[in-house]
Amino acid sequence: MESIYHTWTWYVSGFLIGLVMLILTYFGKSFGMSSNLRTLCSMAGAGKRVSFFDWDWKSQRWNLAVVAGAMLGGFVAVNFLSAPSNVSISPETIGMLQLINIDAPEGKLMPDALFSNQVFTSPKTILILMIGGILIGFGSRYAGGCTSGHAISGLSNLQLPSLKAVIGFFIGGLIMAHFILPLIV
């Protein structure tokens, strides 16, 4: 049981992800999280007003189980299977975070400066979250899927558009982390 509390090595996690992808490919399914928003909107009746949501959502309801499992798994992992000693960040990273007023997580998965309920008291932070959410939603639709869909499912199926999207995700992440985040925090 002790091995579950610590970070799994890349070859165990990678093998399990690959196994899931093989199973999904065998059953003719593709994995992705952003497509579930379309499914949920279709279920709620948005197809009556917007043609994009007018489709057979029942063919994708299996993917809603993936969302529920990810949420349940995240809850169980954080509340029952995490150990404070599991989080270790290099001293250089801690120093860089302190330069932009982000405290070290100190055994937590996420720093309070970014992920506590207190961030919702600042209009600036709320605006940043709203703009970021809109950009992520637009980017997911423009790229034809989210990071998990392209990086896990698309690359495992050797799809060239997924490779282009993943390269774009990494470039965008590097630009955000090194240039934009220090300006807005």
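How much area does the protein chain expose, and what share of it do carbon and sulfur atoms supply? The protein chain exposes about 13,500 Å², and carbon and sulfur atoms supply 71% of that area; accessible areas come from the Shrake-Rupley method with a 1.4 Å probe, and for residues only the protein chains shown count as cover.

This is a predicted model, in which local features need pLDDT of at least 70 and side-chain atom pairs count only at pLDDT 80 or more, while totals for chains, interfaces and linings use all residues. Residues are numbered from 1 along each chain as its sequence is written, and side-chain values use heavy atoms, with hydrogens and water left out.

**The whole chain**

Begin with the protein chain displayed as a cartoon. Its secondary structure comes to eight helices and zero strands; helices (H or I, at least four residues) and strands (E, at least two) are DSSP runs, numbered from the N terminus. The C-alpha trace spans about 50 × 45 × 30 Å along its principal axes. Of the 185 residues, 16% are buried, where buried means under 20% relative accessible area, exposed over 50%, and partly exposed in between (1.4 Å probe, protein chains only).

**Helix α7**

Next, select residues 147-156, which form helix α7. Ser148, Gly149, His150, Ser153 and Gly154 are buried here. Add α1 (10-26), α6 (123-143) and α8 (160-184) to the selection, for they are included in what covers the buried residues of α7. Then move to leucine 158, just after α7, which takes a positive phi of about 55°.

**Aromatic rings**

The structure holds five aromatic pairs. Rings of Phe, Tyr and Trp (its six-membered ring) pair if their centres lie within 6.5 Å; planes under 30 degrees apart count as stacked, over 60 as edge-to-face and the rest as tilted. Select tryptophan 10 and tyrosine 11: their ring centres are 5.5 Å apart and their planes stand at 85°, so this pair is edge-to-face. Tryptophan 10 is exposed, with a relative accessible area of 70%.

Now select phenylalanine 75 and phenylalanine 80, an edge-to-face pair with 6.1 Å centre to centre and 75° between the planes. Phenylalanine 75 is partly exposed at 48% relative accessibility, whereas phenylalanine 80 is exposed at 53%.

**A charge over a ring**

Finally, select arginine 38 and phenylalanine 52. The charged end of arginine 38 sits over the ring of phenylalanine 52, 4.3 Å from the ring centre; the criterion is that NZ of Lys or CZ of Arg is within 6 Å of the ring centre and within 35 degrees of the ring normal.

Technical notes. Contact means heavy atoms within 4.5 Å.
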